[in-house]
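This briefing goes through a structure topic by topic, beginning with the contact between chains and ending with the hydrophobic interior. Please keep the sequence and the 3D view at hand while reading.

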Amino acid sequence: MRNGKSIFVRYSFGLLSLLTCSDLFAQDKAQTLHALNDLLVNTVMVDLFPPPIACRVYVYPQIAFYECIRTEDPSMPSMEGRLNDLKHLPKTPGHVDPFISACVSFSYVAQSLVGSEFKFEEWRKSFTDSLFRQSDTSLTRASMSYGKAVADTIIAWTKRDNYLKSRGLYRYVLSKAQGAWQPTPLDYAQGLEPHWNTIRPMTLANASQFSPQEKLVFSTSKNSLFYKTMMEVYRIGNTLDTVRKATALYWDDNPNVAVNIGHLSYFVHKISPAGHWIMIAKQACLQKNVSVEKAAQVYALSAIAMFDAFISCWDEKYRTSLIRPITIINRLIDKNWQPYIQTPPFPEFTSGHSVVSNACATILTDLLGEPFAFTDKTEIPFGSPPRSFHSFYEASLESSTSRVYGGIHYPETARISVEQGKAVGRHVLAVYKNARASR
Amino acid sequence: MPGNSTGITFRNDVLEDATMFMYLYENLYAGGGVAIGDINNDGLPDIYFSATRGYNKLYLNLGDLKFRDITESAGVNGGEGLKTGVNMVDINNDGYLDLFVCKSGFKDPSLRKKMLYINNKNGTFTNRAAEYGLEDKSFTIQAYFFDFDKDGDKDVFFVDHPDDFSKTMTINAAMINGKLTRIDDTVTVNTSDRLYENRNGKFVDVTRKAGLIDFAFGLSASIHDFNNDGWPDIYVANDFNKPDCIYINNRNGTFTNRMTEYLNHVSFSAMGSDINDINNDGLEDIFVVDMAVDEPVRQKQLFAVNQNYDKFQLMIDYNLFFQYPRNTLQLNNGNGTFSEIANYSGVSATEWSWAPLIADLDNDGWKDMYVTNGLKRDITDWDYKVFVLDSIMKQMNSGRSVNLNTWLSSIPSVKTKNYFYHNNASLKFDNYSDTWADQPGSLSNGAAYADLDNDGDLDLVVSNVDDPAFVYRNNSREMGGANYLRFKLLRSKVSPDELYGTIVKLTGADGTTQVQHYDPQRGFLSSGEHVLHFGTGDQAIIPRVEIIFLSGKKIVLEQVKTNQVLTVYESDATQPVAAPLKPDPLFKDISNEGKLKYVQSENNYIDFKREPLIPYKCSRKGPYHALGDVNGDGREDLYIGGAAGIAGKLLLLNADGSFTEKNQPAFIADKSYEDMAALFFDADGDGDKDLYVVSGGAEFDRGSVQYQDRLYRNDGKGNFTRNTNALPAEGYNGSCILPLDLDGDGDLDLFVGGHVLPGKFPQADRSMLLQNNKGEFTDVTASFASPLLNPGIINQANWSDLDGDGRKELILCGEWMAPMIFTWQNGQFTRSSNTVTISLSNPVKKDSLVDLDELKGLWYTVRTEDLDKDGDLDIILGNRGLNSTIGGDFHHPCTIYAKDFDNNGSYDAVLGFYNQGKCYPLFSRDQLIDQMPSMRKKFIRYKDYSGTTLENLFTPEQKKGMDVYMARCFESGVLINEGHGAFRFKPFPERAQFSNINDLVVEDFDQDGIKDILAVGNTNDPAVMVGNYDATAAILLKGDGRAGFIDIPAIRSGLNVRGEVRRIVYLKNSKSRSVILLKNSGEARVFSVK
């Protein structure tokens, strides 16, 4: 197993270290928000949430934090009225420290969504204990109480997003039609989240709002676009050089890669695509040394854009149910052909990573500017060295191409998906800025 | 026995280093083998151990269970490389046993050269593998010597495996001639199983010519003549995706894999195997071990394969067959098929198992079992493989170095006890692991039995990883009485080579028989003593002993004294083996005579996609049928209902006994319905048979119009039109129909049973009582029969006078409920109060009188008949049977907690069953989380879930208002009417409990004046976790006139059927009797009855 070999790859940097005391009591408030996001991304990873659900866990705590902290900055409007169904956020009681409220609020919302609740309970206890030791107790209590109230409203809002109800819907029923998606090795898992389009979006009017007009239609005719783009995946896969391999692995971001050596099976966890971009947002904020308010805005809008991107993408995936390259290439061209990275368990069109990354890059470019040279160290624990980019779009386009190198997406899909992602991103910005949405 | 007493100090210490550890060679902990045999012909069996990474050891038996290590002087240390299976076999027929050593593991082929140590007859050996052509370098687990071409010498079969273990679970498919076909790897050099033909002492690889090239991860084989043609066939137990094989010897140097003709399912991770007769019916049975765990906490923590429905289906689609991760005990039916009964017999889970040995360990005449188990690293521990290993890898990626030992020691390691099973002579085995020996935990692999001290009982030698080998002295003889008889089977005094495959059959004074074939190569990596051993219990003289040689000759000995070792020479055999008597069974398969051609197709609806945690599908219960003369020609015509999307069919019976389909546009128009029970009756009083078809199938949403029952009017000539106004509008998922004239107006009223509430298993949909007013039906349930509004998931109803008062009672049977009896009095149906006496065996054997309502089961069919001839009707009931992963008994009910536990609009039904005294949920942590995301918070790690009882799965708050369903009885049987509302439950015999019973007919089939029962069963409805019910498609139960029955095996009844038989159509006229067996997803079979 190619992925299995990463056991032996070693690098000498650590990034996703668990929080230490010095993180906790950092003077810099922005640092605390970054630390909270480290904790969130780590927890989501060990709790093994699949990509769309992982993004749902990321987004709500960011909004809670944003709504508490934005009161310091009149240029930051409330999301209430902008995001679907978000209502009845409590008014600031006045005498509070928005930062304390924001942190507390984030921790409660995150706790409600993750599996390992104790991580946020412990974090909050540690955070508030230190506050009680060193500051005005009544202000702290009021701030905590307000943060909790915001969290309660946000948590109630999460419960109306149809997530829980969607757990009771039909699991994906396979189609035997030629060109229909089939489960892929190694686990041959059933189709993941076939009803994600029933989840309430943040800004979209409906899940299909940015359904690409251009489609990739299955065909076995050698002159068809599909056949040609399939052959392109095959050709690229057969001629991968080390640079492309590294790119594919860099953006693999598969939360659950199954590895199998006989009975020795195991699972390798990487942060999901959205988690990777949360970490990119974090590094960009750190590099620019932005205020906690600005960082909150960056995180919130990034997560919102990616959340809607997943809904838009998954809507497309299960509407088209397109077969993955490994399945069709094995059937038609080469029975032994294997993609360089493992194919995740859902249909091919459109590419989740492409849509999500480009939605997020659109936000980051708007909020942090362009060009924005940065070095991403997120992937060190997963065996890939740091990687430098000149702009967010450079990174998001590379993440899209990487899926073709990895052998899990067709070039045509990648191209169409990039546009889908950008459209979602632009729409989110427009809604946030109260401008009319446009395609 | 301690090593300092026996002198056997061998330990298989498996070194782990950078050149060889588990992640480089997955079978590293498969351990070493044991070969036993008398190498110096001093009458004492000696022992040879293979060492995985160290050196092999040869111990000379000095008598009195003392041994001396002579490895060095004998020159047989096995050399370098990773040693696997060992044999003692006299390869050159010089009367001295030689040693054979297999190797695997290392990539370097020179380290895999097999070794053949030829016995120099002076205590030394010389490796002459190259000379003999046996220096094969394939990755071999074990060698099996046998004479496949019957030319009088020993050929050899090697069980091999590919070296790339990343290919164990992949399923490659390609389009071939427009059809998706599974593709196997074609690189099979050194990895495919191998067959070498012995040509005058030189072995030649004939694998390809023999048709034995494969790409499977084999772990053992058993040589056995499966088709009784006198030619040895090969069973190969394959680990992983590839199913086991039964290679039938074509008698021309080639073999054909016919496994699927013999078996209905196999073990997923098949390891060791043995073949022997467990029930003394003269037919040898197959036992293959897997890695299922019975201890409840470890069972959840180590669960081997989290098989999802789609993948399981994919494997079936690509001919990888039905494979389940548990041991399989294939009971030989003698008709070319086997029934898998490991669950029934209690031997399905013995931990990570290696060697199964079937032998009579207590000399009582019934063969017991010994199973070795243990893997040094619990690599299937879910927390380890999902969380721990990943975090180690991240540490390494982040630059922290992790040394190999630290890593390996992070893998849980538990030494478990091996299993002793005592055969209790009724197809069940009792766990004697703590009774027969004081066993420590161990990591045991190869094992072999032999009478080491020549006292007439079988001692055991077991190879252990990281511990000294076990030598168990058997004290049976010392403890008393039981006799034995042992055989050495040789060609002749001049040429004393051993004749593997020779069959010895003992017939006792009471007519009981024992059969064994001689083959020392059994279990795993090992070969046992070179004597065939029988325990004979209290029989000191065996009236008849038959020795049947592969050559087709036999020797018969009479009045043989026990407690001796007989040496028998084939050269003394003169009698030819008689051809078996051609059976003349009661039932004769006449399906090919063309009287009826009917194939049922089931629509592909997957209940588990809507309700992932239910134990079985409810949508594939058909076909149902109705019998009635529709055209007035005096012959009973047949309606067979269709699954959703497939129209029902009307088949007219012709004078010659054949059926002709009559086109019915009305049925075709209604094909979208799934037909459940149907009834021909005169609904409108015009003198002809109309047709009522119950709609059901559970695949539509609750209340759907697809559940509307249908009434078709007959024009008197057998043409049907739907009368859409005659029935009340309803959307109930129905199942059965029963005519009954309640109001005494001469026309028939109807009871229509409701089945499961769609999407809300196991809640029941409504049942209906329909009053007939001149062909118009009204739902009068609420007015006259409120207890019948929702009595349960009803499968069948019956209308019989049970109390002899001249009025009939309504009997209902169904799932997760007790049989119910309702009396019709004063214009109302009332549930009657009844008792039942059941005999309990657990914890103590006693009779218990309980309310009939306690007899909750999964009842599929109900009939009545006076079986004990006491003048009242007894109730005959089909149930789910006792041969399944899930089950229960009176004190240990299979239990379902059901409620919308997470308030998301979907009903969560969680099934639990008892294991070692507590009730545990069936499904895995991940499956629960998929249905109820909040479980992720409760069970952060797998270990938090492992060992959680059903009771503790939910908080007291969550459990408030939940529905609890139970099944306490899984046996099919008879409720004997004892009068005054009292019954006694008498279960059917063993074979009738091997599967569920879908339908039964009570009739004096053998015309001895006593009613018999024909019962049909099997279903592929269960969840993958549970596994198909496939062990009994049809069985004849011969009545004894006292409501007792004898189960007649198919080979005697003639009921040779496989598949899911749902219904019996019994046709009887003055001239002939016949039965049609209607299958789900298969072709109907027709049998004449003598």
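## Where the chains meet

In this predicted model, chain A and chain B each bring 46 residues to the contact between them. The points below take up that contact, then a pair of helices in chain A, a sheet in chain B and the nonpolar cores.

**The side of chain A that touches chain B**
- At least two residues each are supplied by helix H7 (163–166), strand E1 (257–261), strand E2 (264–268) and helix H12 (325–332) of chain A.
- The largest share of this side, five residues, is contributed by E2(A).
- Sorted by class, the side of chain A that touches chain B consists of 24 nonpolar, 14 polar and eight charged residues.

**A helix pair in chain A**
- Helix H3 (residues 51–69) and helix H10 (residues 273–288), both of chain A, have axes that come within 8 Å of each other and cross at roughly 40°, and this crossing makes H3(A) oblique to H10(A).
- On the H3(A) side the meeting residues are A:Pro51, A:Ala54, A:Cys55 and A:Tyr58, while H10(A) offers A:Pro273, A:Ala274, A:Gly275 and A:Ile278.
- Seven of the residues in the contact of H3(A) with H10(A) are nonpolar and one is polar, with no charged residue among them.

**An open sheet in chain B**
- Six strands of chain B are arranged in the order E58-E57-E67-E66-E61-E60, forming an open sheet whose pairing is mixed.
- Strand E58 (846–851) and strand E60 (861–865) of chain B are the edge strands, each pairing on one side only, and the twist from one strand to the next averages 25°.
- Within chain B, strand E57 (residues 835–840) and strand E67 (residues 982–987) run parallel and are joined by three bridges; B:Thr837 has B:Arg984 in E67(B) as its bridge partner.

**Nonpolar cores**
- The largest nonpolar core holds 313 residues, of which B:Leu99, B:Val461, B:Ala678 and B:Leu1077 touch the most other members.
- Strand E54 (residues 809–817) of chain B gives this core its largest share, six residues.
- When neighbours within four places in sequence are left aside, the contacts of B:Leu1077 are B:Val1016, B:Ala1034, B:Val1057, B:Val1061, B:Ile1064, B:Ala1084 and B:Arg1085.
- Another core, of 99 residues, lies apart from the largest one, and its members include A:Phe49, A:Leu113, A:Ile304 and A:Ala309.

Key
Residues numbered from 1 in each chain as written. Chains lettered and ligands numbered in written order. Predicted model: local features only at pLDDT ≥ 70, side-chain atom pairs only at ≥ 80, totals over all residues. Core = buried A, V, L, I, M, F, W, Y, C linked by C-beta atoms within 7 Å. Buried ≥ 20, exposed ≤ 12 C-beta atoms within 10 Å, placed from the backbone. Helix = DSSP H or I, 4+ residues; strand = E, 2+ residues; numbered from the N terminus. Contact = placed C-beta atoms within 7 Å. Axes fitted to C-alpha atoms, helices over the stretch in contact; angles between N-to-C directions. Parallel < 35°, antiparallel > 145°, perpendicular 65-115°, else oblique. Nonpolar A, V, L, I, M, F, W, Y, C, P; charged D, E, K, R; others polar. Pairing = 2+ DSSP bridges.
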